[in-house]
Amino acid sequence: MEYAKATFDHFQSDYNTRSEEVRNELERRINKFLIDIFGGSITISIDRNYNIISHISGSQIVEGKTELEKSTAQGYAIIFAFISALIEMAKEKAKEDIMNYQEQLDLDVKPEDAIEFQDAFPLVMDAPLSVFDKTRIKHLCEILPTIADQVIFFIKDTDGNVAEEY
């Protein structure tokens, strides 16, 4: 029984440490994306249960409370940032796994020579630009293609003119 408890405690401690690292990295990457889009006026924090709490110019927005109204564009930007952060992290993890596998096979491979992420899927969104102004549409059109290999937007004519330009 003591062995089982010690084993459980070891795995639980390892899980908690790794979970904290992932949350911190996810939060850092999401905030980096939000800085690119909103210039730092919006940031987020992620709690232990992966709930996302938005902050606007020092004010906190909590779901269900009317302390500060959250716009649709801000919500979309957080979703974009979350998706982008996950895609970046998945690509890096896949590359790391490939390097580890090649190392186990005792192959002499440099990180820059590692096989690129093979399971790339397109990022498909329905009318994602309709809530943003022209400046933010420009930022999104510049940033998202650097995250995903293929980005597909279904857009309205009015948004399409701006997106097509960028």
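## Exercises on a predicted model

The charged end of Arg23 sits over the ring of Tyr50, 5.4 Å from its centre, where a charge counts as over a ring if NZ of Lys or CZ of Arg is within 6 Å of the ring centre and within 35 degrees of the ring normal. The structure is a predicted model, in which local features need pLDDT of at least 70 and side-chain atom pairs count only at pLDDT 80 or more, while totals for chains, interfaces and linings use all residues. Residues are numbered from 1 along each chain as its sequence is written, and side-chain values use heavy atoms, with hydrogens and water left out.

**Exercise 1. Describe the order of helices and strands along the chain.**

Solution. Begin with the assignment, in which helices (H or I, at least four residues) and strands (E, at least two) are DSSP runs numbered from the N terminus. The chain has four helices and five strands, and reading along the sequence gives the pattern α-β-β-β-α-β-α-β-α. For contacts, defined by heavy atoms within 4.5 Å, take those between residues at least 6 apart in sequence: 60% of them join residues at least 24 apart.

**Exercise 2. Place Tyr50 in its hairpin and describe its backbone and exposure.**

Solution. First locate the residue: Tyr50 lies in the loop between strand S1 (42–46) and strand S2 (52–56). Next consider the pairing, which requires that DSSP finds at least two bridges between two strands; S1 and S2 run antiparallel and are joined by five bridges, and Ile44 has Ser54 as its bridge partner in S2. The two strands form a hairpin with five residues between them, and the phi of Tyr50 is near 65°, a positive value in a residue other than glycine. Finally, the relative accessible area of Tyr50 is 36%, so the residue is partly exposed, given that buried means under 20%, exposed over 50% and partly exposed in between (1.4 Å probe, protein chains only).

**Exercise 3. Compare the span of helix H1 with its expected value, then find what covers its buried residues.**

Solution. The expected span of a helix is 1.5 Å times one less than its number of residues. The 37 residues of H1 should therefore span 54 Å, and the end C-alpha atoms are 53 Å apart, which agrees. The buried residues of H1 are Ser19, Arg23, Leu26, Arg29, Ile30, Asn31, Phe33, Leu34, Ile37 and Phe38, and their cover includes S1, H2 and H3. Just after H1, Gly39 takes a positive phi of about 65°.

**Exercise 4. Trace the surroundings of Asn31 and Ile78.**

Solution. Start with Asn31, which lies in helix H1 (residues 2–38) and counts as buried because its relative accessibility is 14%. Leaving aside neighbours within four places in sequence, Asn31 is in contact with Thr43 and Ile44. Turn then to Ile78, placed in helix H2 (residues 72–104) and buried, with a relative accessible area of 9%. With the neighbours within four places again left aside, Ile78 is in contact with Leu34, Ile44, Ile52 and Ser54. As a last step, relate the two residues: Ile78 and Asn31 are 47 residues apart in sequence and 8.8 Å apart in space, C-alpha to C-alpha.
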